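Good morning, everyone, and thank you for making the time. Please have a look at the structure on the screen, and I will then walk through it part by part.

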Amino acid sequence: GSGGGGGGGVESVSMRVSSWLYYLIALGFKQTGLVVPLLALLLDVFARSGGRPTIAHLFTQLRERFWSYFGFAMISVLFVMARFVVLGGVGDLEASAGVHPYLTYIAMQPW
């Protein structure tokens with residue numbers, strides 16, 4: 001069918017490309033958006049296994065939606081590389097750069 005599998009209806013291609021675009025937007029706002037592909041994979045596995053996932057379900061999803069997850073992986077790798085080149089590192093750079101004292105920085109976090 002055209003519903004997001006590995007095959008190739010116009011609808012599946014446009015959905016795949018739009019999901020990559022939304023992923024890029026999420027990464028632009030917050031680097032924790034890197035977990036979105038993993039959450040999508042877990043949701044796929046749980047939803048398609050009837051709530052009882054196995055490793056076989058995981059590999060089935062990866063095989064059926066290879067190009068979707070491959071796109072997410074490539075975007076993730078390019079994002080991490082660009083962040084490293086532009087900002088000089090990956091992670092919470094404000095905390096490690098000494099912008100704020102450590103305890104003050106921890107106290108400012110919204111969690």
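Let me begin with one residue, Asp44, which at 16% relative accessibility counts as buried, since the limit for that word is under 20%. Please keep in mind throughout that this is a predicted model, and that what I say is to be read as a description of that model.

What does Asp44 pair with? Asp44 forms a salt bridge with Arg65, and the closest N and O atoms of the two are 3.6 Å apart. This pair links distant parts of the chain, with Asp44 in helix α2 and Arg65 in the loop between α3 and α4, 21 residues apart. Arg65 likewise counts as buried, at 15% relative accessibility. How many salt bridges does a search of the whole structure find? The search finds 1 salt bridge.

Let me step back to the overall picture before returning to the details. The protein has 6 helices and 0 strands, and the pattern read along the sequence is accordingly written α-α-α-α-α-α. Of the 111 residues in the protein, 21% are buried. If we take the contacts with a separation of 6 or more, 44% of them are accounted for by residues 24 or more positions apart. The protein exposes about 7800 Å², and carbon and sulfur atoms supply 72% of that area.

Now to helix α2, the home of Asp44. Helix α2 runs over residues 36-48, which makes 13 residues, and from its first C-alpha to its last it reaches 18 Å, close to the 18 Å expected at 1.5 Å a residue. Which residues of α2 are buried? They are Pro37, Leu41, Asp44 and Val45, and because they cover an arc of only 95° around the axis, they sit on the same side of α2. The face turned away from that buried side carries the exposed residues Leu39, Leu43 and Ala47. After α2 comes Gly50, whose phi is positive, near 70°.

Within α2, I would like to dwell on Val45, which counts as buried at 6% relative accessibility. Leaving aside its neighbours within four places in sequence, Val45 is in contact with Pro53, His57, Leu58 and Gln61. The C-alpha atoms of Val45 and Ile55, which are 10 residues apart along the chain, are separated by 9.2 Å.

One of those contacts, Gln61, leads us to the next helix. Gln61 lies in helix α3, residues 55-64, and is buried, with a relative accessible area of 3%. Again leaving aside neighbours within four places in sequence, Gln61 is in contact with Leu41, Asp44, Val45, Arg48 and Tyr69. Both Asp44 and Val45, which I named among the buried residues of α2, therefore appear in this list of contacts, given that contact means heavy atoms within 4.5 Å.

We come next to helix α4, where Tyr69 is one of the buried residues. Helix α4 has 22 residues and reaches 31 Å from its first C-alpha to its last, close to the 32 Å expected at 1.5 Å a residue. Its buried residues are Ser68, Tyr69, Gly71, Phe72, Ile75, Ser76, Phe79 and Arg83. Seen down the axis of α4, these buried residues fall within an arc of 150°, so they line one face of the helix. On the other side of α4, Leu78 and Val85 are exposed, and Leu78 has a relative accessibility of 54%. Leu78 also belongs to a nonpolar surface patch of about 680 Å², made together with Phe66, Trp67, Phe70, Met74, Val77 and Met81. After α4 comes Gly88, whose phi is positive, near 85°.

Finally, let me turn back towards the start of the chain. Where is Ser12 placed? Ser12 is in helix α1, residues 10-29, and is buried, with a relative accessible area of 2%. The C-alpha atoms of Ser12 and Ser68, 56 residues apart along the chain, are separated by 9.6 Å, and Ser68 is, as we saw, among the buried residues of α4.

To close, I return to the pair with which I began: the salt bridge between Asp44 and Arg65 joins helix α2 to the loop between α3 and α4. Thank you for listening.

Conventions:
Residues are numbered from 1 along each chain as its sequence is written. This is a predicted model: local features need pLDDT of at least 70, side-chain atom pairs count only at pLDDT 80 or more; totals for chains, interfaces and linings use all residues. Side-chain values use heavy atoms; hydrogens and water are left out. Helices (H or I, at least four residues) and strands (E, at least two) are DSSP runs, numbered from the N terminus. The expected span of a helix is 1.5 Å times one less than its number of residues. Buried means under 20% relative accessible area, exposed over 50%, partly exposed in between (1.4 Å probe, protein chains only). The arc is that of the directions from the helix axis to the C-beta atoms. Patches are made of residues with over 30% relative accessible area and no salt bridge: like charges are joined within 9 Å, nonpolar side chains (Val, Leu, Ile, Met, Phe, Trp, Tyr) within 5 Å. Accessible areas come from the Shrake-Rupley method with a 1.4 Å probe; for residues, only the protein chains shown count as cover. A salt bridge is a side-chain nitrogen of Lys or Arg within 4 Å of a carboxyl oxygen of Asp or Glu.
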